[in-house]
Amino acid sequence: MDIIHLTYPEQPQKDPAVIALGFFDGVHLGHQQVIAAARKEAEARRLPLAVMTFDPHPKQVLGKGDEPVRYITPLERKLEKIERLGVARVYVIEFTIPFSELSPQAFVDEYLIASGAEHVVAGFDYSYGRFGAGKMTTLDFHSRSTFTHTVVAEFQEEAEKISSTRIRRLLAAGEVEPAARLLGEPYQIKGTIIHGDARGRQIGFPTANMRPEFSYVIPKLGVYATFVRLADGRRFKAMTNVGRRPTFYETGEVSIETHLLDFDEDLYGQELTLEWIAYLRDEKAFNGIDQLKEQLARDREEANARLSV
């Protein structure tokens with residue numbers, strides 16, 4: 001898959017294709033419907049299938065809201081998922097203030113028409129140009145009759161639209177199983193293992209303390225059944241705690257600590273990927289180490305059972 005990075009005022013070279021438009025955070029089932037519709041058009045027209053996406057998120061650049069923007073998929077992961085869908089070319093346009101100020105007509109002229117797009121596909125709620133003033137209902141006008149387009153209708157699951165916003169909401173509530181259904185795979189976070197305070201090892205449950213490599217959506221505080229995939233490709237059952245360790249600290253920063261089942265190797269400095277499978281319980285404080293160890297033993301049994309299905 002060819003990946004073409006563009007920063008305004010750079011424009012794509014003319015190379016006819018069918019283009020799917022979207023930010024595609026998560027590349028969830030709804031996004032996959034958009035890309036599938038574009039692939040069908042590309043095959044019918046015997047043209048390459050391309051995707052035009054953006055990075056970083058517009059909210060990160062435009063400064064809307066006090067909270068940092070959290071992503072379901074960083075760009076690298078997003079491109080991996082897009083490539084699996086049979087896409088031949090991806091345009092990654094850097095979202096900057098000057099780019100955000102383009103009028104809808106200028107965006108179409110300088111990026112879609114300039115690229116040689118012969119057909120464009122996007123979801124029904126896609127918008128483009130300054131303030132999102134361009135809509136799918138205006139694309140026919142802005143195309144200047146140089147390309148046609150398809151609007152993909154809302155894609156639902158359990159009578160609710162599948163969207164990146166919905167998936168973020170599910171993850172924030174600890175509902176990693178329904179989030180996985182909408183993503184088409186378990187939610188993933190990649191990070192590096194750093195030194196912690198070694199309390200887990202002292203009580204017989206050594207943990208890998210992960211520092212996420214990106215501004216991911218972090219699931220709700222609690223204990224989860226997870227898989228851990230190491231950089232060498234090996235995959236292990238694990239249980240993961242997201243929390244502040246209230247048994248030891250009254251306050252503290254949120255940490256992600258993972259206990260790998262049937263594993264006894266040094267992971268410090270290594271990169272690993274967490275796959276979030278099931279929520280087991282809330283984080284809570286215990287009355288002493290013995291009570292904590294008893295609960296961790298139960299957690300390990302439950303995690304093993306959930307991961308063995």
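Ala, Val, Leu, Ile, Met, Phe, Trp, Tyr, Cys and Pro count as nonpolar, Asp, Glu, Lys and Arg as charged, and the others, Gly among them, as polar. The exercises below concern a predicted model.

**Exercise 1. The largest pocket**

Task: State the volume of the largest pocket, identify the residues closest to its centre, and describe its lining by element and by class.

Solution.
1. The volume of the largest pocket is about 1400 Å³.
2. Its lining comprises 47 residues, of which Phe 23, His 57, Pro 58, Tyr 126 and Ser 127 are the closest to the centre.
3. At least two lining residues come from each of helix H1 (29-45), helix H2 (58-62), helix H4 (97-100), strand E6 (127-128) and helix H7 (164-172).
4. Under the classes defined above, the lining divides into 21 nonpolar, 14 polar and twelve charged residues.
5. Phe 23 also takes part in a contact with a charge: the charged end of Lys 78 sits over its ring, 4.0 Å from the ring centre.

**Exercise 2. Geometry and burial of two aromatic pairs**

Task: Classify the ring pairs Phe 214 with Tyr 216 and Tyr 224 with Tyr 279, and decide for each residue whether it is buried or partly exposed.

Solution.
1. A pair of aromatic rings is described by the distance of the centres and the angle of the planes.
2. The whole structure contains 14 aromatic pairs.
3. For Phe 214 and Tyr 216, the ring centres are 5.8 Å apart and the planes stand at 75 degrees, so this pair is edge-to-face.
4. Phe 214 has 31% relative accessibility and therefore counts as partly exposed, whereas Tyr 216, at 4%, counts as buried.
5. For Tyr 224 and Tyr 279, the centres are 5.0 Å apart and the planes are at 75 degrees, so this pair is edge-to-face.
6. The pair of Tyr 224 and Tyr 279 links distant parts of the chain, 55 residues apart: Tyr 224 belongs to strand E13 (residues 222-230) and Tyr 279 to strand E16 (residues 271-281).
7. Tyr 224 is buried because its relative accessibility is 0%; Tyr 279, with a relative accessible area of 21%, is partly exposed.

**Exercise 3. A ring cluster and a further charge over a ring**

Task: Determine which residues ring pairs link into a cluster, and which residue lies over the face of Phe 227.

Solution.
1. The cluster linked by ring pairs consists of Phe 54, Phe 95, Phe 99, Phe 107, Tyr 111, Tyr 126 and Tyr 128.
2. Tyr 126 is also one of the residues closest to the centre of the largest pocket.
3. Over the face of Phe 227 lies Arg 235, at 3.7 Å from the ring centre.

**Exercise 4. The largest nonpolar core**

Task: Give the number of residues in the largest nonpolar core and those with the most contacts inside it, then find which element supplies the largest share.

Solution.
1. The largest nonpolar core has 29 residues, and Tyr 187, Leu 267, Leu 272 and Trp 276 have the most contacts inside it.
2. Among the elements that each supply at least two residues of this core are H7, helix H8 (176-183), strand E11 (187-194) and strand E12 (208-212).
3. H8 provides the largest share of the core, four residues.

**Exercise 5. The second largest cavity**

Task: Describe the volume and lining of the second largest cavity.

Solution.
1. The structure holds two cavities of 30 Å³ or more.
2. The second largest cavity contains about 50 Å³ of space.
3. Its lining is formed by Ile 72, Thr 73, Arg 77, Lys 81, Leu 183, Glu 185, Pro 186, Tyr 187 and Gln 188.
4. Helix H3 (75-84) and E11 are the elements that give two or more residues to this lining.
5. By class, the lining has four nonpolar, two polar and three charged residues.

Methods:
Residues numbered from 1 in each chain as written. Predicted model: local features only at pLDDT ≥ 70, side-chain atom pairs only at ≥ 80, totals over all residues. Heavy atoms only, no water. 1 Å grid on protein atoms, 1.4 Å probe; cavity = no way out; pocket = protein on both sides within 12 Å on 5 of 7 lines; lining within 4 Å. Points joined across faces, edges and corners; volume = space filled by probe spheres on them. Phe/Tyr/Trp six-rings, centres within 6.5 Å; stacked < 30°, edge-to-face > 60°. Buried < 20%, exposed > 50% of the residue type's maximum accessible area, 1.4 Å probe, protein only. Lys NZ or Arg CZ within 6 Å of the ring centre and 35° of its normal. Core = buried A, V, L, I, M, F, W, Y, C linked by side-chain atoms within 4.5 Å.
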